[in-house]
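This report is written for a reader meeting the structure for the first time. It takes up the backbone, the ligand site, the charged pairs and the surface in turn.

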Amino acid sequence: MAEIKQVFVPDIGAYKDVSVIEVMVKAGDTLKAEDTLLTLETDKAAMDVPSPYAGVIKELNIKVGDKVSQGSLILTLETAADTQIPPSPPSSKGGTVTAPTTPPTAPKVQSLAPAAPTIPPLEKGGLGGISAHASPAIRRFARELGVDVSLVKGSGEKSRVTKDDVQNFVKAAINAPRGTAGGNGLQVLAMPVVDFAKFGAVEVKPLSRIKKISGANLHRNWVTIPHVTQFDEADISEMEAFRKELGAEYTKQNIKITPLAFMLKAAAAALQKYPDFNASLDASGENLVYKQYIHIGVAVDTPNGLMVPVLRDVDKKGVVQLAKELGEISARARELKITAADMQGGCFSISSLGGIGGTAFTPIINAPEVAILGVSKSSMKPIYKDGEFVPRLMLPLSLSYDHRVIDGAAAARFTAYLAKVLSDIRLLAV
Ligand code: CAO
């Protein structure tokens, strides 16, 4: 037989005037026994209060923000016949507590009298230091949807993750355009938190602003773009001889002609020949946007971190002009005088470590570009030519490309063409 029951806040240990941080039900809702009614939070813990009965809510007496103690009236409901549930012990799973429910012993109006639950600390999860506050019910809800709650940005009080936040996270993941960043759906283990001081003296310094910004971009690009790196070598013996001649002439004008100026020119020629490398995926991830201009970003090592200013219309400029602009813009980058606009609009990037050393590396694509050329230090090598080994100056090239857009064969052709042009710079004139 249906009965009218009142549901009260159960025994919550020594806590009094505890905040109601979430109410999951409203008047008129039909409940199953054990459905979560609300979540309470002290400064140290959060717990759900489940319904001891199945039935229909007649009146809800509590709202978010209320302060409650054991015995506060939560709601009145009309039970379905035979809906009392047997007592259940406190459940503690994944750091959450479900307050136990004890059925009423007297008919009609009855308070709940469960054993005091042990309340664990409010759970915090995290990926790369991001932590999430979420009630047990929200954690359960997120788990049911396969969402790692530590990845959800909370919009509630004290940045608490709400049900809406989880739902919006799922919607965003579903609607995220294919081929773009892919949402934040990477389900990876949180970094272990290590107390380094346990092993020896340490000093903590904040990352520079540029490192923080570029780090976040590099991370996104690394995890969301399927990178492949193609390696090749260019015989730059002749190019180097010509560069030295030019260098002697332009030093007086304070223009330093480094191999990078030639590389910019050669890259522009390769981008013209292979336009897929001068393109970007659009927001839907289903179309390629081909650019009718050739602007190339150059990675510059500054005391504050990596910056990538962009040289415009590289195809329309000569090697000397490019060397001059490169000198100016890299100096401005090192003095932190370049603007955000100086770093926008690039179609392709070059990262040269040739002045430092190394034989090869795997540069990270500067999205939404689809490829980046890494250049390492040239060195004299014995090259087998016309039946004998001859000493040649070889320049290592490392081309990372977005495999969603570029096939391996195309990348090999692009790199081989670059090597060919750098080996015979007369080709740049035709
Ligand atoms: N092989 C051999 N020598 C090379 C070379 C190469 N591939 N590239 C440059 N060099 C030589 C130059 O000729 C120059 O020699 P001299 O001083 O004897 O004339 C010397 O190395 C230094 O060159 P540079 O670094 O001043 O000039 P650059 O045009 O090669 O590079 C710039 C300019 C701004 C790209 C560079 O200074 C720089 O910042 N490089 C680092 C980029 C970077 O950090 N990339 C990593 C990104 S991924 O984390």
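P368 lies in the loop between β21 and β22, the latter spanning residues 371-375. The peptide bond that leads from A367 to P368 is cis, and its omega is near 10°. As background, most peptide bonds are trans, and most residues other than glycine have a negative phi. The model described here is predicted.

**Backbone angles in two further loops**

N254 is a residue other than glycine with a positive phi, near 65°. Its place is the loop between α4 (237-251) and α5. N254 counts as exposed because its relative accessibility, 74%, is over the 50% cut-off.

D313 is not a glycine either, yet its phi is positive, at about 45°. This residue belongs to the loop between β20 (310-311) and α6. Its relative accessible area is 26%, so D313 is partly exposed, a class that lies between the limits of 20% and 50%.

**The ligand and its surroundings**

Which residues come nearest to the ligand? Of the 23 residues around the ligand, these are T258, D301, R334, S351 and S378. By class, the shell consists of 10 nonpolar, 8 polar and 5 charged residues.

Several elements contribute to this shell. At least two residues each are supplied by α5 (259-273), β18 (300-302), α6 (319-334) and β21 (348-352). The largest share, 3 residues, comes from α6.

Polar atoms of the protein and of the ligand are paired at several points. At D301, a backbone N or O atom lies 2.8 Å from an oxygen atom of the ligand. At S351, an N or O atom in the side chain is 2.8 Å from a nitrogen atom of the ligand. At S378, a backbone N or O atom is found 2.9 Å from a ligand nitrogen atom. The ligand on its own has 970 Å² of accessible area, and the protein covers 70% of this.

**Salt bridges**

How many salt bridges does the model contain? The count comes to 16. Among them are the pairs in the table below.

| Pair | Closest N to O distance |
|---|---|
| K63 and D66 | 3.0 Å |
| K317 and E325 | 3.1 Å |
| R426 and D424 | 2.8 Å |

The partners in these pairs can also be described by their accessibility. In the pair of K63 and D66, the lysine K63 is exposed, with a relative accessible area of 54%. D66, in contrast, has a relative accessibility of 18% and counts as buried because this value is under 20%. E325, whose side chain meets that of K317 in a salt bridge, likewise counts as buried, at 16% relative accessibility.

In the pair of R426 and D424, R426 is exposed, with a relative accessible area of 64%. D424 counts as partly exposed, at 24% relative accessibility. Elsewhere, salt bridges that share partners join D235, E238 and R392 into one network.

**A buried aspartate**

Is D48 buried or exposed? D48 has a relative accessible area of 0%, and is therefore buried, the cut-off being under 20%. This residue lies in strand β5, which covers residues 46-50.

The side chain of D48 takes part in polar contacts with other side chains. One of these contacts is made with the side chain of T39, at 2.9 Å. Another, of 3.0 Å, joins the side chain of D48 to that of R140.

**A nonpolar patch on the surface**

Which residues make the nonpolar surface patch of about 570 Å²? The patch is made by V194, F196, F199, V202 and V204. One of these residues, V202, lies in the loop between α2 (163-175) and α3 (209-224).

**Summary**

In this predicted model, a cis peptide bond precedes P368, and positive phi values occur at N254 and at D313. The ligand has 23 residues around it, and 70% of its accessible area is covered by the protein. The salt bridges number 16, and D48, which is buried, makes polar contacts with T39 and R140.

Definitions and conventions: Residues numbered from 1 in each chain as written. Predicted model: local features only at pLDDT ≥ 70, side-chain atom pairs only at ≥ 80, totals over all residues. Heavy atoms only, no water. Near = heavy atom within 4 Å. Polar contact = N/O pair within 3.5 Å; in protein donor to acceptor, adjacent residues only side chain to side chain. Areas by Shrake-Rupley, 256 points an atom, 1.4 Å probe, with all protein chains shown as cover. Helix = DSSP H or I, 4+ residues; strand = E, 2+ residues; numbered from the N terminus. Nonpolar A, V, L, I, M, F, W, Y, C, P; charged D, E, K, R; others polar. Buried < 20%, exposed > 50% of the residue type's maximum accessible area, 1.4 Å probe, protein only. Salt bridge = Lys/Arg side-chain N within 4 Å of Asp/Glu carboxyl O. Patch = residues over 30% accessible without salt bridge, like charges linked within 9 Å, V, L, I, M, F, W, Y side chains within 5 Å.
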